[in-house]
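User: I am new to this structure. Please take me through it, and justify each label you use.

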Amino acid sequence: MQNINIFRVMEGRGVRINKEVVDQEIAYGEGRMNQLRRELNGYNPLSHKDLKTLLIDEMKLPILPDRLTPAGKPSFDKNAMKDYEAILENNPAYANGPWGSVASNILEYRGWHITLSLCYKKFSDLVGPDGRLRCDYWLHGTKTGRTSAHDPNLQQIPKDGNKIWNRNIKRAFEADEGYVLLQVDFSQGEMRLATRYAKQPNLTETFQWNRDMWGDMIAALNRPKAQCKTLTYAKMYGAQRNKLRLILGGDDPDQFITDWEAYHDRIVAFSNKVYEVAKKRGYVRYWTGRVRHLPDRRDARLAFNSLLQGGLAEIVKSAMIRLYNEVDNPECRMLLMVHDSVIFEIKREYLEQYITQIKQVMSRVEDEFETNVPFDVEEEMWGLDAA
DNA sequence: CAGATCGTTTTT
DNA sequence: CATGAAAAACGATCTG
């Protein structure tokens, strides 16, 4: 079976939508947006112009030098608004004014705008008469070889959130009667691939012994998990020294970076080699033979990330072929794919046995790709309230 | 007015 | 000159 046919089957199946939850959230969200707009004196939080008039001209807040848009204008995105919120809270001149909650109002308005227009309203418009929502996958939708999804883009539905505007998103999806929705992810797939390519001994051991990668890194580098994640992802994306310092903030970032690079010495050396080779050739070749041509061969920083992002996408697509051939059936249907995870609709009474089988088949990467680093997967139930 | 670009949000 | 990957999609605003 080829991927194109598998995706065609998945597009045909779609996923069931809970119309009550969707309608309820639309009504509530629209009400909140109207109220917030009134509290903001009619200023439109979606208009950069309005926000400049309100925040800079009227409220006399400063333009934040570290918070500029690519075009060099003051940014009012959520990071900037957090800074403004702190300024407002710490300054009595503002606290006693009429704009006490202006920052949180703007953030909530924009949060609802995104959730309603991209999720709930889209779901409502696009859901079929049978109550199922179908997106459109583009198998060639990205430069790296990942798949993209459209109408709606189900690859960007918010995670269950602490934020009120997307706290109920997952409740909008439901399984058929007697079934459950299960997501299965390749965990730390890109780091496993980097470890496999670079033959990084300590990480190879971490993965072979099925230890927690973050736990080992935290212990070795003596830094909090959030910092370890930030730096690790930034390195996988090819961030340069200045950018690393900026995103890590205070607390001796240079020492941290040095320690990280020592702990991942083989990966660092390998990424440098990928850079050199890609610069010479103008492209990078994945394990399947697929190539990504660089948009500008003088700048090969993209190469390492493409090798990981694209190479993992090839691993996931291979896994989907095995899953379709060996597992998929009316009791256990593949419905959706989100980059490094696959979402299934499974008959509840056989759930445990299918979890075992899916994990075994999905992680059997060595069928196509020789590796001594295991590619483990983790399962997660959708809709925990499903009794 | 149509189409392009900007700024913002969300995901892996 | 500066540089953090890949995307979708909305509304507001700019451009021809």
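User: What classes of residue make up the surface near DNA strand B?
Analyst: The model is a predicted one. Its surface near DNA strand B has 9 nonpolar, 6 polar and 8 charged residues. Helix H6, residues 102–126, gives the most to this surface, with 3 residues.

User: Which residues come nearest to DNA strand B?
Analyst: Phe76, Lys78, Arg146, Gln156 and Asp340 come nearest, out of 23 residues around the strand. Of the strand B atoms within 4 Å of the protein, 86% belong to sugar or phosphate. The rest belong to bases.

User: What makes the approach of Phe76 to DNA strand B a polar contact?
Analyst: The label needs a pair of N or O atoms within 3.5 Å. A backbone N or O atom of Phe76 lies 2.7 Å from a phosphate oxygen of strand B. That value is within the cut-off, so the label fits. Asp77 also qualifies: a backbone N or O atom of Asp77 lies 3.3 Å from a phosphate oxygen of strand B.

User: Which part of DNA strand B does the side chain of Arg146 approach?
Analyst: A base oxygen. An N or O atom in the Arg146 side chain is 2.5 Å from that oxygen. This is within 3.5 Å, so it counts as a polar contact.

User: How many residues surround DNA strand C, and which are closest?
Analyst: 30 residues surround strand C. The closest are Ser47, Lys143, Asn153, Lys243 and Arg301. Sugar and phosphate account for 69% of the strand C atoms that come within 4 Å of the protein. By class, this surface has 8 nonpolar, 13 polar and 9 charged residues.

User: Where does the largest share of the surface near DNA strand C come from?
Analyst: From H6, with 4 residues. H6, strand E4 (148–150), helix H11 (241–248) and H14 each supply at least two residues of this surface.

User: What are the polar contacts of Ser47, Lys143 and Gln309 with DNA strand C?
Analyst: A polar side-chain atom of Ser47 lies 2.7 Å from a phosphate oxygen. Lys143 uses a polar backbone atom, 2.6 Å from a phosphate oxygen. For Gln309, a side-chain N or O atom is 2.9 Å from a sugar or linking oxygen.

User: Why is the pair Asp296 and Arg298 called a salt bridge?
Analyst: The label asks for a side-chain nitrogen of Lys or Arg within 4 Å of a carboxyl oxygen of Asp or Glu. The side chains of Asp296 and Arg298 meet at 3.1 Å, N to O. That is within the limit, so the pair qualifies. The whole structure has 27 salt bridges.

User: Why is Arg298 called exposed, while Asp296 is called partly exposed?
Analyst: Exposed means over 50% relative accessible area. Arg298 has 65%, so the word applies. Asp296 has 28%, which falls between 20% and 50% and therefore counts as partly exposed.

User: What does the salt bridge between Glu326 and Arg364 link?
Analyst: Distant parts of the chain, 38 residues apart. Glu326 is in helix H14. Arg364 is in the loop between helix H15 (351–362) and strand E11 (377–381). Their closest approach, N to O, is 2.7 Å.

User: Is Arg364 buried or exposed?
Analyst: Buried: its relative accessible area is 18%, and the cut-off is under 20%. Glu326, at 37%, is partly exposed.

User: Which strands hold Arg333 and Glu345?
Analyst: Arg333 lies in strand E9 (residues 332–337), and Glu345 lies in strand E10 (residues 341–347). Their closest N and O atoms are 2.6 Å apart, in a salt bridge. Both residues are buried. They also belong to a salt-bridge network with Arg16, Arg132, Glu174 and Asp176.

User: Why is His264 called buried?
Analyst: Its relative accessibility is 0%, and buried means under 20%, so the label holds. His264 is found in the loop between helix H12 (253–263) and helix H13 (265–281). Leaving aside neighbours within four places in sequence, His264 is in contact with Met191, Gln200, Leu203 and Met217.

User: Which residues have the most contacts inside the largest nonpolar core?
Analyst: Phe123, Phe173 and Ile358, in a core of 96 residues. Helix H14 (residues 302–326) gives the most to this core, with 11 residues. Another core lies apart from it, with 19 residues, among them Leu64, Phe76, Val102 and Leu107.

Definitions and conventions
Residues numbered from 1 in each chain as written. Chains lettered and ligands numbered in written order. Predicted model: local features only at pLDDT ≥ 70, side-chain atom pairs only at ≥ 80, totals over all residues. Heavy atoms only, no water. Core = buried A, V, L, I, M, F, W, Y, C linked by side-chain atoms within 4.5 Å. Buried < 20%, exposed > 50% of the residue type's maximum accessible area, 1.4 Å probe, protein only. Near = heavy atom within 4 Å. Polar contact = N/O pair within 3.5 Å; in protein donor to acceptor, adjacent residues only side chain to side chain. Nonpolar A, V, L, I, M, F, W, Y, C, P; charged D, E, K, R; others polar. Contact = heavy atoms within 4.5 Å.
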